[in-house]
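User: Hi! I would like to learn how the words used for a protein structure are backed up by numbers. Could you take me through this one?

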There are 4 protein chains.
Amino acid sequence: MKKYIVEFIGTFFLVFTVGMSVRSGAEPVAAAIAIGSALMVMIFAGGHISGGHFNPAVTLAVTLRGKAELKDFVPYWVAQFAAGAVAALLVTALFNGKPAGGAALHGTMPSLIVEFLFTFALAWVVLNTATAKGTSGNSFYGLAIGFTVLTGAIAVGGISGGAFNPAVGLGVFVMGLENIQQLGVYLVADLAGGAAAALAFKSLNGQE
Amino acid sequence: MKKYIVEFIGTFFLVFTVGMSVRSGAEPVAAAIAIGSALMVMIFAGGHISGGHFNPAVTLAVTLRGKAELKDFVPYWVAQFAAGAVAALLVTALFNGKPAGGAALHGTMPSLIVEFLFTFALAWVVLNTATAKGTSGNSFYGLAIGFTVLTGAIAVGGISGGAFNPAVGLGVFVMGLENIQQLGVYLVADLAGGAAAALAFKSLNGQE
Amino acid sequence: MKKYIVEFIGTFFLVFTVGMSVRSGAEPVAAAIAIGSALMVMIFAGGHISGGHFNPAVTLAVTLRGKAELKDFVPYWVAQFAAGAVAALLVTALFNGKPAGGAALHGTMPSLIVEFLFTFALAWVVLNTATAKGTSGNSFYGLAIGFTVLTGAIAVGGISGGAFNPAVGLGVFVMGLENIQQLGVYLVADLAGGAAAALAFKSLNGQE
Amino acid sequence: MKKYIVEFIGTFFLVFTVGMSVRSGAEPVAAAIAIGSALMVMIFAGGHISGGHFNPAVTLAVTLRGKAELKDFVPYWVAQFAAGAVAALLVTALFNGKPAGGAALHGTMPSLIVEFLFTFALAWVVLNTATAKGTSGNSFYGLAIGFTVLTGAIAVGGISGGAFNPAVGLGVFVMGLENIQQLGVYLVADLAGGAAAALAFKSLNGQE
């Protein structure tokens, strides 16, 4: 149960930071730095308790790689999606409603490609910095993971919105920043990216 | 006594950076990076002597969690608030007076919510990266703690001013950047956030 | 073979981030942060498998310094250049063609100087943080190496385009961001800078 | 001799980054990030050989604190000032002369105050993260030291130019960015700040 609460806390602050930064009109580089840093600090704080996933695609990748217990899979997803939704409702309440301009419009195929690629990169970094023998005991895992999201937000945020995380995807949908079709993109592409990273890791690192 | 001087030094540079960045007209992302970095470097420098709180809400959280001595509680607060006031007076002197535009205006209820949440996050990160067994010996505690403030400054600085720290709150009040009502918000919400993080930490990590 | 795939993955994400950031119209500081961070996270993730070069000039430097096997030299270059070209083709496809404005124009002599200097700095940092006895076991090598590129991109990106990496150079040429003469600059100056750093390292650190 | 060459290399890249960033017209936050990162990466690379001072005020502080040999004092200063001058000449050559607008104008008294304070902070961070028992073996010293300069550049760069380093001061004077009176400020205030930090460190940490 403790692990699920930590996953809720971390995912909540990640999605809350996404929403507050975007709705406040922060310039893109500021929002990217805030979002990547939110993930970084929550991983450094919560990783020793829950593993610090805060992302259903990462939970999928870590489970496929064999470093998360199968019995935690559904509770982690529930905690993460619930945190995304709660954060979104609070952001919306603080701004007295959804954005006037409506949801962003993104091309589906480009979104699928870049969401897949950067969620692959994110899970690849997670598996190699937080679950690999070759990097055990390091002090950089949170920095590496958080700044992968920062990188993706700058590089492809304009193409897809830059979620790389289905719980963030649910959050920005509930906030009215992205439409339901884009939520579908986040679910499909991000989970596929996480799964592909797990396969790549296992074929390159063996069972360890 | 050495610990109190270190708390004074660290809090002074934090509040001085807040004031100089804002009064110089630095763009918000620059101010946020400077403020978060000021906290980070002072923690990395002073943490081994005083614990590197530089924040009455963090001192409250660490004391409740049982990792600061009760006899240090009042002297730490005195050092921190004094440093905030002295830094504010110096900033004001360097700019030949308070800002012409007067204090910022923030909604009270939104301010209370976001100050509570991000001070909770800040103290949560402090307790887990600087006082927990599971992360002992790490080299990232200053980065994690400082960048939590950076994140909050970008995400909710426009809502509440982004203090997350009653000594910073006193500083920006003395500088004329925030009014006395907002100082009240910082005292109430930030101390409540710190206390809540201590309770959350103890219930999730046990006595360790 | 595993090492070559890791070099492909890391170089691909580095060059993909370069292209997507620039083509998206990210402001220069945002692009620099994204590019430096992309290199950092890929090094933290892949360094324990392949050494995390992602740069033919770095492979040259590490080989001359005696910390990479000679038999890996050509396969590393092939993986890196192939990754740069593939990333460039994907960026171009995502933006439906090359940039309308054509390639940038840079002075040849200034470009040669700054590309040589910053690739020297980059390889100097790699050799000292990732192959030296005096820093063994550190958790900062990826941060140091990635942020050297960030520094160079801000400091001299306007002079030379800021590649410091022949595979990035091939990528930005294929993308249509730089012309073939500038690709020649990247090949000559960057490889010379990497080689010079290896010589400097060996004369200053001995054989270790 | 090796140590002096490393001091030259590190100081050269620091001052070269200062000059190229400013002369390129980088926005202030970009210049601050580049300059702080340049110092960080050179410390991470060269610290294990020379201590990574790259700053006469830091050499003064470390010598007073007893962690640098007296016989190295003059050669370190020579290497650092020479590197600052050489970097300045190269920057000036790359831009075909000094800036058309002439040197900046700064108030002398405010400059003295903020240069003293932030050089104190810089040397305080150096002594506590790179020479103290309580932080020995850490992986954050370069980050802490470099980002202290980043913080100062944003917070008080508009007041004093933000050198915190007499070798940088000589560099920006030779480049024509600051006048000779401001060079005097950098020499007096920065050396005083470094000396004050050494005294503070010794009184607070004892002889260790």
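User: Let's start small. Which residue follows α3(B), and what is the sign of its phi?

Analyst: Happy to help! α3(B) is followed by B:Gly66, whose phi is positive, near 90°. A similar note applies to B:Gly176, just after α7(B), with a positive phi of about 85°. Some background before we go on: this is a predicted model, in which local features need pLDDT of at least 70, side-chain atom pairs count only at pLDDT 80 or more, and totals for chains, interfaces and linings use all residues. Residues are numbered from 1 along each chain as its sequence is written, while chains are lettered from A and ligands numbered from 1 in the order in which they are written.

User: What makes a stretch of chain a helix with a number, such as α3?

Analyst: Helices (H or I, at least four residues) and strands (E, at least two) are DSSP runs, numbered from the N terminus. In chain B, helix α3 covers residues 56–65, and helix α7 covers residues 166–174.

User: Why is C:Pro166 called buried?

Analyst: A residue is buried if 20 or more other C-beta atoms, placed from the backbone, lie within 10 Å of its own, exposed if 12 or fewer, and partly exposed in between. C:Pro166 has 28 C-beta neighbours inside 10 Å, so it counts as buried. This residue is found in helix α7 of chain C.

User: And C:Ala100: buried or exposed?

Analyst: Exposed, because C:Ala100 has 6 other C-beta atoms within 10 Å. C:Ala100 lies in the loop between α4 (73–94) and α5 (108–130) of chain C. The C-alpha atoms of C:Ala100 and C:Lys71 are 29 residues apart along the chain and separated by 42 Å.

User: Which residues is C:Pro166 in contact with, leaving aside its neighbours within four places in sequence?

Analyst: Two residues are in contact if their C-beta atoms, placed from the backbone, lie within 7 Å. For C:Pro166, the partners are C:Pro56, C:Ala57, C:Tyr186, C:Leu187, C:Asp190 and C:Leu191. From C-alpha to C-alpha, C:Pro166 and C:Gln80 are 8.9 Å apart in space, although 86 residues separate them in sequence.

User: What makes α7(B) a mostly covered helix?

Analyst: The count does: 9 of its 9 residues are buried. Among them are B:Pro166, B:Leu170 and B:Phe173. The buried residues of α7(B) pack against α1 (2–23), α3, α4 (73–94) and α8 of chain B.

User: How many residues of α3(B) are buried?

Analyst: In α3(B), 8 of its 10 residues are buried, including B:Pro56, B:Thr59 and B:Arg65. What covers the buried residues of α3(B) includes α4, α5, α7 and α8 of chain B.

User: How do you know that α3(B) and α8(B) are roughly parallel?

Analyst: Two packed helices are described by the angle between their axes and the distance between the axes. Axes are lines fitted to C-alpha atoms, for helices over the stretch in contact, and angles run from 0 to 180 degrees between N-to-C directions. Angles under 35 degrees count as roughly parallel, over 145 as roughly antiparallel, 65 to 115 as roughly perpendicular and the rest as oblique. The axes of α3(B) and α8(B) cross at roughly 25° and come within 8 Å, and the two helices are therefore roughly parallel to each other.

User: Which residues of α3(B) make that contact, and how do they and their partners divide by class?

Analyst: From α3(B) come B:Ala57, B:Val58, B:Leu60, B:Ala61, B:Leu64 and B:Arg65, and their partners in α8(B) include B:Gly194 and B:Phe201. The contact has 10 nonpolar, 2 polar and 3 charged residues. Here Ala, Val, Leu, Ile, Met, Phe, Trp, Tyr, Cys and Pro count as nonpolar, Asp, Glu, Lys and Arg as charged, and the others, Gly among them, as polar.

User: Why is the link between chains B and A called a four-fold axis?

Analyst: Chain B can be laid on chain A with an RMSD of 0.0 Å by a turn of 90° and a shift of 0.0 Å along the axis, and that is therefore the relation of a four-fold axis. Copies are superposed by least squares on the C-alpha atoms of residues with pLDDT of at least 70 in both. Of the residues of chain B, B:Ser139 comes closest to the rotation axis, at 4.0 Å (C-alpha).

User: What does the side of chain B that touches chain A consist of, by class?

Analyst: That side has 18 nonpolar, 9 polar and no charged residues. In the contact, 27 residues of chain B meet 27 residues of chain A. The largest share of the chain B side, 11 residues, comes from α6(B).
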